[in-house]
Structure formats: structure tokens, C-alpha cells
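I sat down with this model today and kept notes as I went. Here is what I looked up, entry by entry.

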Amino acid sequence: MPIRNTGNIWDHVDALADEAIALSDSVWAVPELCYDEHQSCALHTRMLTDHGFVLTPQVAGISTAVMGESGKDGPVIAFLGEYDALPGLAAAPGAFDHIPTIENGHGCGHNLLGAASLLAAVAVRDWLAVMQLPGRVRYYGCPAEEGGAGKGFMVRGGAFKGVDAAISWHPSPFCGVLPPSSLANVRMDFTFTGRSAHAAAAPHLGRSALDAIELMSVGVNYLREHMLPTSRIHYAYINAGGAAPNVVQAETTVRYSVRAEDLSELLALAERVRQVAQGAALMSGTQVQSIVTGGVANLLPCPPWKK
Ligand SMILES: [Zn+2]
């Protein structure tokens, strides 16, 4: 239905409300983890097509990334949407309590994130047209926000070339403009290799990889006092070596996530964590190997109050 030209962008937003809510509900119903958001990407792509956006599928070679553009001339205004779910964070619709489950779900609301960004893109495009103002609007369907650094690969692939402004948001319990910041972060897996032995019959022959990850945790926890209070270190045991206490565990893996305000601080802190891992290997008589599984720089925002 054509919208009466009142110059009020909220008319365009309201006109799209039912469609955007239906999109959000559909994405909620098919929670898909990072880089596996095929149905969710298809649902957003369909709405882009329905509103006449020119599609660029598989942005930067990523099968679940999509970009749609509409409008004439410049500037180019980008709206960023996300639609990946979280592992083990399903909840019943309308419920406020977390329901422990192993199912995936939109625990932090990316069903809303993709749909509302797309609503904004269509509304701004329609408003520009009605107001006869120049400008192109792009919607970027960005995969893998939850640990997969999807936008990093899209930037590297040149997906944002020509964009004058990029607008993003995240669902919250309140509505407002936050001082935008995000810490630079890196994820590293440390795998310790020791030597298995019977823990009662021949413990002197064993070299415990379980001891090694515990020593690493102790070392890192002592390190916390001597790092910037703005930095963060988290860890999770990916492989604790096994379930039998009478076996000296021969291989373990612990995943570390290190965060800091900027890249130079991050790289220095990550190196200190690596050295703690070396120390733990030395103390336990094991070997350690580390691999970086992901990393992103801190957000460089352009808030409205910063000229
Ligand atoms: Zn989120």
C-alpha cells in the first residue's frame, strides 16, 4: 500500500512492522550456528528481493552472507544485520527464565538483530524515495557474529568498499544509544601432550596433561593482578583428558579468550598467556602447542558526539 508522504520516517517503519516481526519469528524458529545460517540467510534474502533490492549473494565468498542495495546516487548508507544463534541457549518464546537445554537458540536476540536492521534499510530507502533525496541503502546480512568474526572476513573481502556510513545495533532490555566500544579479542587453544600411565601402579612414568592445564589456569589467575583492569581473560576446558581418575591424562586442551582495549595491548597480553602455558608445560614435563582459532580488532566507532 502506498504511504502518504508526511515526511515522517516512522510511517515507513510502521508499515513494515508486521513483515519484520514475521521475519524475526521465522528466524527464531530455525536457530542456526555461525556459518551455518542457510535458512536464516534465505529468509532475509527473500525480504530483500520482495522489496526490490539488488542482491549480492555469498558476499566475500561466504555462503551465508548476503548484501542487498537499493536507491540512487550517494551517499551509501549500510545497515548491518546478524542472524546466527548460540549453542545451548534455546528458550521458550516469551519466557524470561533460561531453560537449560542442549539446543541452539537466539539467546541474545539475533533474530531481532537481522530483521530490525532490514526493516531500517527498507524504511530509509522508502523515505529517501518519497522525499526525493539521493542515496543508496545497503543491507548486509552478516554471518557468524558469535565467535566466527564474519564481518572481519567480509571487510577483508572488500565487501564494505564505497560505504559512507555503517549502522549497527544489538538487542537489549532497554532502548538507547550507548558509548560504543568493544574490546579487541583473540581465541587460542592450548593443547598439552604428556604421557599416560596407570596413576596407582606407575605414576612416576606418567606426565600429566591435566596437571598442565590446571597449572596454566593457576598461572593465568596470578597474572590477572598485573594486567590492565580493562583487559579480560576467560578460559574453558575443551578436553580435560578423560573420565578415569586412575589414568594419568595424556592430552588436554584448554581454550583461552583474551580481550584488551586495543590491538597492541591485546597482542602483549596474549603473549604473556602463551608464556604461562610454556611455564605450565615446563612444570609438568609436558609439551604444549597453541593455535589461534579467531580474533578481531576493537571496534573503531564514529559516535554522533565525536566530530
Ligand atoms: Zn549477540
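**The sheet.** I began with the four strands that make an open sheet, in the order β7-β8-β6-β9, with antiparallel pairing. β7 (232-239) and β9 (287-296) are the edge strands with a single partner strand each, so one side of each has no neighbour in the sheet. From one strand to the next the twist averages 20°. For my own reference, strands pair if DSSP finds at least two bridges between them. Helices (H or I, at least four residues) and strands (E, at least two) are DSSP runs, numbered from the N terminus.

**Ground rules.** I noted that this is a predicted model, where local features need pLDDT of at least 70, side-chain atom pairs count only at pLDDT 80 or more, and totals for chains, interfaces and linings use all residues. Residues are numbered from 1 along each chain as its sequence is written, and side-chain values use heavy atoms, with hydrogens and water left out.

**Strand β6.** Next I followed β6 (residues 184-193) to its partners. With β8 (residues 251-260) it pairs in the antiparallel sense over ten bridges, and with β9 it does so over nine bridges. I looked up one bridge on each side: Asn185 has Arg259 as its partner in β8, while Thr191 has Gln289 in β9. Seven of the ten residues of β6 are buried, so the strand is largely enclosed by the rest of the structure. Here buried means under 20% relative accessible area, exposed means over 50%, and partly exposed lies in between (1.4 Å probe, protein chains only).

**Asn185.** Which residues does Asn185 touch, leaving aside its neighbours within four places in sequence? I found Val258, Arg259, Leu266, Gly294, Gly295 and Val296, where contact means heavy atoms within 4.5 Å. Asn185 sits in strand β6 and is buried, at 17% relative accessible area.

**Helices on the sheet.** I then checked what lies across the strands. Helix α5 (residues 209-223) crosses β6, β7 and β8, at about 20° to β8. Helix α6 (residues 263-284) lies across β6, β7, β8 and β9, at about 10° to β6. The axes are lines fitted to C-alpha atoms, for helices over the stretch in contact, and angles run from 0 to 180 degrees between N-to-C directions.

**The zinc ion.** Which protein atoms are donors of the zinc ion? I listed Cys108 (SG), His110 (NE2) and His170 (NE2), at 2.1 to 2.3 Å from the ion. Donors are N, O and S atoms within 2.8 Å of the metal (3.2 Å for Na, K and Ca), and the site may look incomplete because water is not among the atoms. The spacing in sequence is C-x1-H-x59-H. His110 is in helix α3 (residues 110-130) and His170 in the loop between β5 (165-167) and β6, so this pair ties together parts 60 residues apart in sequence. His110 is buried at 1% relative accessibility, whereas Cys108 is partly exposed at 23% and His170 is partly exposed at 36%.

**Cysteines.** I counted zero disulfides, taking a disulfide as a pair of cysteine sulfur atoms within 2.5 Å. For Cys41, the nearest cysteine sulfur is that of Cys142, 10 Å away. Cys41 is buried, with 7% relative accessible area.

**Domains.** Last, I noted domain 1 (9-91 + 100-167) and domain 2 (184-296), with bounds from an automatic or database domain assignment. Their C-alpha centres are 38 Å apart.
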